[in-house]
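Trainee: I should like a close look at a single part of this structure, namely its strand pairing. Please take the other elements afterwards, as context.

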Amino acid sequence: MKKQLIVLLMFMGIMGAKAQMKADFKVVPLPNRIVENTKGSQAFPLGNVCTIVCPADQPQMVRNAHFLAEYLKQQTELTIPVNAKLHKGDRYIKLALNKKITAPEGYRIKVEPTLITIEGSTPQGVFYGIQTLRKALPIADAGQIEIPLVTIDDAPRFKYRGMHLDVGRHFFSIDFVKRYIDILALHNVNTFHWHLTEDQGWRMEIKKYPRLTEIGAWRKGTVIGRNTGIYDHRRHGGFYTQEECREIVKYAQERYITVIPEIDMPGHMIAALAAYPELGCTGGPYEVERMWGVFDDILCAGKEETFKFATDVLDEVMQVFPSEYIHIGGDEAPRTRWKACPKCQKRIADEGLRADGKHSAEDYLQSYFTKRIEQYVNSKGRKIIGWDEILEGEIAPSATIQSWREVKDGLRAAEQGHDVFFSPNSTLYFDFYQYPETNWSKPLLIGGCSTLEHVYAFEPCPENISEAAKNHIIGVQGNLWTEYIKDEELAEYQVLPRMGAAMETGWTQPEKKNYSDFKNRQHRLFDIYRLYGWKYCTEAWRENK
């Protein structure tokens, strides 16, 4: 009986002890070089006797250290101090700059028995090293975690790794936009493309044109289903003040994410025309759109007032957003009104714009419009990004192209000397379903299908293009359009886990990519999603298992 009691007590002790867990650096996106130290069986034991150290006189590095401490607390319940006094025998995590690392976003992690060093040539590189360590750790309850002895040398394949959010169709709170940025940071995204204007709503305060938000930010209702002509008659809208936009810019900057605002022109402007009808070809009246689609009413290119409006708006946008690039859209602008507008036709005649075998005179009128806007943006020391429609005519080589229709259009732009990043609607539109049509069910989405495997397989830089063109392919971007994305949980669900697949293409060298291996590595990401309460599509993962 005594022996049985001893055995029982030993068993209870074992069961009650905190399990020792191991970190795994095979994360998403996969680092490009991991060398494991196979000599001996030692590891770095992450526990309470540990400190994070960094240069105290470098604010960005101190902020990085506090981010790391916060992540460790959230994932392991360990409270690890920053720049505390070190004692003999302490284990510590050291953050440092190392100019021998040449890539601006590159980093090195070296794990030794008593020291983890995370270095980068910039604080941004160190931040990505922190993300890799964060993703390598299991979710634990203050138990000891063994971190294997490794050396990781890593840097991204592409300099542009973007995610987009459309707030024009459905408005999202500032708190959600910050949450979205947190999701981006976990996936090594460095650019947030904020789509701020649409036919269905204008979302940024412009002080010189207050009716843009007084009128243009609100619609009387929203179509039910896929353009059924039946409406819910519930007023929908909202906008961000310039101070709120600056708050988002700062929040993103702290996570090394650049916010690129988009003010789409000359199309997708009905919300603006509802506020200022004199800017349209017909003079209105116009109403903020309640349906989805492409509409004939666009800005009038024949009126000088239109260019005054556009440049005034861009002045305020550029005062708020310090990004090198300003996105001016340029997509889906029908020529219907321009063909019938005397002022637009006069502009065509005055500028000597003529149809040829490739484009109409009205196509060249949009080129004229885009060129004037581009020259203005350039005069302010900035550059433009436009959707690939702006290639339909003449455009300066300094314009960057976002290729969303045919991949061949983006490749052609790269051959012409434009920087290009890809977000093809067939692959990287995350408003599409994530699993095959036979499994489609609620919620109602726009349609189409882009599976996790499909996203992962996309290659933006094929071998059969010139080396010069390859140098102009700067990256990839996932897009979330929100015609049918009405709430925050669905927005998260639509981008996760596909964001990880897209960003592995943006980060990891193609010869390192393997879809089966990627799926095995996703489990750690899923653990983090659950920790933060982020919604993600488990069906997408199972469908391709």
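Mentor: The account below begins with one strand and its partners, then turns to a second sheet, a pair of helices and a single residue.

The model is predicted, so local features require a pLDDT of at least 70, side-chain atom pairs count only at pLDDT 80 or more, and totals for chains, interfaces and linings use all residues. Residues are numbered from 1 along each chain as its sequence is written, and side-chain values rest on heavy atoms, with hydrogens and water left out.

Strand E21 covers residues 473–478. Helices (H or I, at least four residues) and strands (E, at least two) are DSSP runs, numbered from the N terminus. Of the 6 residues of E21, 6 are buried, so this strand is largely enclosed by the rest of the structure. Here buried denotes under 20% relative accessible area, exposed over 50%, and partly exposed the range in between, with a 1.4 Å probe and protein chains only.

Two strands count as paired if DSSP finds at least two bridges between them. Strand E10 (residues 160–166) is joined to E21 by 4 bridges, and the two run parallel. Strand E20 (residues 420–422) also runs parallel to E21, through 3 bridges. Val476 of E21 takes part in both pairings: Arg161 stands opposite Val476, and Val476 is the bridge partner of Phe422. In general, strands of a sheet pair through backbone hydrogen bonds, either parallel or antiparallel.

Elsewhere, an open sheet of 3 strands follows the order E1-E8-E3, with mixed pairing. Its edge strands are E1 (21–22) and E3 (43–46), each of which pairs on one side only. Between E3 and strand E8 (residues 145–148) there are 4 bridges, and these strands run antiparallel. Pro45 has Glu146 in E8 as its bridge partner.

Among the helices, the axes of H10 (residues 342–350) and H11 (residues 361–379) come within 10 Å and cross at roughly 80°. The axes are lines fitted to C-alpha atoms, for helices over the stretch in contact, and angles run from 0 to 180 degrees between N-to-C directions. H10 and H11 are therefore roughly perpendicular to each other, a term for angles of 65 to 115 degrees. The contact (heavy atoms within 4.5 Å) involves Cys344, Gln345, Arg347 and Ile348 of H10, together with Ala361, Glu362, Leu365, Tyr368 and Arg372 of H11.

Finally, Glu70 lies in helix H2 (residues 59–76) and is partly exposed, with a relative accessible area of 40%. The C-alpha atoms of Glu70 and Val377 are separated by 39 Å, the two residues being 307 residues apart along the chain.

Note on methods
Angles under 35 degrees count as roughly parallel, over 145 as roughly antiparallel, 65 to 115 as roughly perpendicular and the rest as oblique.
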